[in-house]
Amino acid sequence: MAELVPEELRERVAARLRANPLPDADPLGRAARATALLAESKRSTDTRPLLDALVLVNAALRAVPSGCPDRDLHAGLGSDISMALYARTHAMTHLDEAIRLVREVLREIPRAHVSYAGYLTVLGSLLRSRFQATNEMSELEESLATCREAVAMTRPDDAEHAGRIDALARVLKFMYICTGERSYRDERLALLRESLSVLPPGHPNRATSMAALGGALAEEAEEIGDVDRLDEALEYLREAADAGAKCRNESGRAYSSCLFELGVFLRVRYDLTRDLHALEESIETLRAAVAANSPDDGDPHVDLDGLAASLQALYERTEELNVLEESVRISRQALAMTPPRLLNRQRYLDSLAGRLRLLYLRTNNVRVLNEAIEYVQESIETGTEPIPSARRLGILGGLCRLRYLHTKDESELVKSVDLLRESVAAIPADHPVRLESVGELGLTLQALAAVRSDRDLLKEARACSQEIADSTIVPLDMRVQSSMRLAAISERLEDGDAALAAIERAVELAEVLTQYGVTKADRAHRLGELADLPGQAASSALLAGRPSRAVELLERTRGVLAADALNQRSGEVERLRKAAPGWAEELARVRARLSSSVHTRAAYRDLDGLLERIRRVPGFEGFQRPPRIEQLSRLAGRGPVVLISAGLLRSDALILTGDGSGAGDPVELVRLPGLGREEAARQAERLARAGRAALRELSPETHRAQVRDEVVDVLAWLWEVAAAPVLEHLGFAGTPPEGREWPRLWWCPAHVLSFLPFHAAGRYQPDRARESSRPAELSVLDRVVSSYTTTVGALAQRDRSRRSVPATLIVPVPDTPGAPLPGVVRETQALLRMVPDARPLLQPSRASVLEALPDYQIAHFACHGYADRTDPARSHLVLADHAAAPLTLDDINQLNLTADLAYLSACSTGVAPVRLSDQFLHFTGAFQLAGYRHVIGTLWSVDDEIAAELATDFYNRLTGDGTLPPWTDLSAYALHEATRALRTRYPDNPALWAAHTHTGA
């Protein structure tokens, strides 16, 4: 806040200081000493100089009666000092004293006085500060009237005009927040535009005015979910920050305020678009705001809380524990700097409690949970506003539910239900905050119903989920999650029709939520939050007796990113852009608005209307509609496609045989009661650990035996609970007779099941496992030729035209520093013997590989592969320049080829993060998506020499021992036979031969 001491008094005090020392009783002498103490106080955090200065000013005021010259000047100096004390201590006595002294100044000087409007502005700002501390609307209303009067008294060409408009705009902002009257918002915007228009570039007040206008525009953009308008506001804020940086020495707080506004609204942009770059820029900017601030410049706890909020958002995106821990630490720091009576303190208590809740969920440290509960209780005890207080009751109820999960004390659940019911009852039905408590109440009722086996409580929980699922005043992701919970509860109540209706709505809403994102990584993050949706969808449809619908829903919810890319290549989206570019742009804007927490009802209405208009246009009737079961069934004409799903309550195999032309359901159902999701996840992790340890040169003999036994156990379990029941149902009971063609089968496992080797499931006997003694035909390898497909729809790629004689590219990297692959040399030499025309890339780089791939129908990679199990964007194939320019998944996804075979002789090319297992963000899926009809990949780390042996055998079978060009249509058969041959050589170690898979046609 600007200082009140007029230049007139400063000059007179300075003159006295240059003269002889003044007697203590002289008022101007006291003012001179007080002014010196005020300047001294800015060099330290000690408040004693300010208190001493205030004593001197009060003595001066006692010596200068009302109506005497200079009294207004002394009162102004006293208000300056009181304001500085309030900024340091937030003690209301100092704020009240500052207000009293400014009111006295206004009584002492005439309205025509040159400083009258300035004093009015300061009084208005002080009254606004008092409102922020007390929440008394009368203070804010007087502040508004005072600031309006000050602006009315100021000429547009006055140097102080912009500052007085800014002060009025701040008051108008609070009036709009408190009343919801749009006229206050509109008046604020008009004033700020007027203020900026009269300030030329380089004017010292231009940065402040620009920041104020940018902030106001950004708030409006956030409210309506308009990303374009927000970007306009961000440009104002960036320019203001740049201008503020040039004059930061004159006004440190003005600069840090510009940075704070910019940082906060960059986070808003992330909220609307999930653009990770915006969030990262937000954090960087808010760190700069914190560094630029100081206790004398303003309230550093405001900047700290903003930084903590952006770090929390980053943690929710990346799940990096150190980011959350920093957010909690900074949040604690902000709270410690906040005076007990400050209105914002409750907000900081709530924020810290929320971040501690996240930290508990990550660490399971009950002390953290108890600390969160203590902060919420303090916030409840000090709160006065009814709706925020009721919301805090709901938060406390949710924390009590978490404490029950830790302690198993039923009384915590009962307390939670009571608190949440009280919260729900106290909040108006049309208030979106109420639904937060409704959702938490539903979760708590579910837990209590499970403890007591009480169906009535479960029905009440279902009603809670139903209310949120039907709402149009909550963010879209909240509706999706509630619809999924509604389906799960309906399943527990054995209401299949209700479960199916709920999950179909969840799928529809999820498609809206995930259709558009700034980057593929942003969309992947949203899909990862819905990892349970495919399994829940299949389970609900099956409970309703609709196997075909289960397949359709699995197809809609899995491989969303892949399907989007294929749709792009099919021309649907591009056709819309060409036919109706305005609609395409409107569709993107509406979807962005659905990510916001405000005005979502209108966005839902706009989306429904827009899709309806698009689908009325000839040629767009099926726009963004998924394929029907009839289309999917036709893709199983060359062999059964087996979709395997493990839901929360049931697991099943859904089999498409291509025989669905009749009146019956084209999907055959096989229940798999032994295939639980949690057990499947445990077995998949067990297999991954064993695969990583299976490399022969890395393990001693005893360790290799343990690894071997682990893999054997997993394959036996998978055979019993899934593979054997499916093969028996299909009639594949034994090895085909000599001379008869082997049957084909495509596995399409969902979620964590996609990490399991269904093609190699079977009973094997370590140490005793020789072909002569092994039980006959008790494995998938002995009954069918297996392939995998990411989705049923992906099989349509096998019908794309291709060249008659394929050209072959070899990408060998045998000499990776620190991890050489000697087997790659032997593998490359063998391949060149069988395919003499093949082209080996010497020292292959990312650029050379991407340039060459479109010219070759066969691409053979022999190198290291790195699969990041947390962030697929970091997965890459290790080429010669991998440190500087790694060949990533996104590089392959950008390709649009018509090619035959990609052979990935590398480690773990079929591995992705578990939460994204249904989106196929791995190299096997990427090459299939890029247009390769056949892809050979791996499910875990593979031995270098074994991989070379398998690849040699594979190409030998594909080329007739080098006598023919590679016949890629035989790829699945060639891998099957090569694997069986390798099994014969190493019968007691399936970790060496079971990792390779065939995906595609």
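The expected span of a helix is 1.5 Å times one less than its number of residues, and this rule is applied in the first view of this predicted model.

**View 1. Helix 19 and the elements that cover it.** Helix 19 runs over residues 410-426, and its 17 residues should span 24 Å at 1.5 Å a residue, which agrees with the 25 Å between its end C-alpha atoms. Its buried residues are Glu-412, Leu-413, Ser-416, Val-417, Leu-419, Leu-420, Ser-423 and Val-424, and the elements that cover these residues include helix 18 (386-407) and helix 20 (432-452).

**View 2. The ring pair of Trp-747 and Phe-758.** Among the 8 aromatic pairs of the structure, the one formed by Trp-747 and Phe-758 is stacked, because the ring centres are 5.2 Å apart and the planes meet at 25°, where an angle under 30 degrees counts as stacked. Trp-747 belongs to strand 4 (residues 744-749), whereas Phe-758 lies in the loop between strand 4 and strand 5 (785-788), 11 residues apart in the chain. Trp-747 is buried, with a relative accessible area of 0%, and Phe-758 is likewise buried, with a value of 0%.

**View 3. Charged side chains over rings.** The charged end of Arg-744 is placed over the ring of Tyr-973, at 5.5 Å from its centre, while Lys-408 lies over the face of Tyr-404, 5.4 Å from the centre of that ring.

**View 4. Salt bridges of helix 5.** Arg-130 of helix 6 (residues 116-134) and Asp-96 of helix 5 (residues 92-108) are 34 residues apart in the chain, and they form a salt bridge whose closest N and O atoms are 2.7 Å apart. Arg-130 is buried at a relative accessible area of 19%, whereas Asp-96 is partly exposed at 30%. Within helix 5, Glu-104 and Arg-100 are 4 residues apart, about one turn of the helix, and their salt bridge has its closest N and O atoms 3.6 Å apart; Glu-104 counts as buried at 6% relative accessibility, and Arg-100 is partly exposed at 38%.

**View 5. The salt bridge between helix 9 and helix 7.** Glu-187 pairs with Arg-148 in a salt bridge with 2.6 Å between the closest N and O atoms. Glu-187 is in helix 9 (residues 182-197) and Arg-148 in helix 7 (residues 137-152), so the pair ties together parts 39 residues apart in sequence. Both residues are partly exposed, Glu-187 with a relative accessible area of 26% and Arg-148 at 34%.

Technical notes. Residues are numbered from 1 along each chain as its sequence is written. This is a predicted model: local features need pLDDT of at least 70, side-chain atom pairs count only at pLDDT 80 or more; totals for chains, interfaces and linings use all residues. Side-chain values use heavy atoms; hydrogens and water are left out. Helices (H or I, at least four residues) and strands (E, at least two) are DSSP runs, numbered from the N terminus. Buried means under 20% relative accessible area, exposed over 50%, partly exposed in between (1.4 Å probe, protein chains only). Contact means heavy atoms within 4.5 Å. Rings of Phe, Tyr and Trp (its six-membered ring) pair if their centres lie within 6.5 Å; planes under 30 degrees apart count as stacked, over 60 as edge-to-face and the rest as tilted. A charge sits over a ring if NZ of Lys or CZ of Arg is within 6 Å of the ring centre and within 35 degrees of the ring normal. A salt bridge is a side-chain nitrogen of Lys or Arg within 4 Å of a carboxyl oxygen of Asp or Glu.
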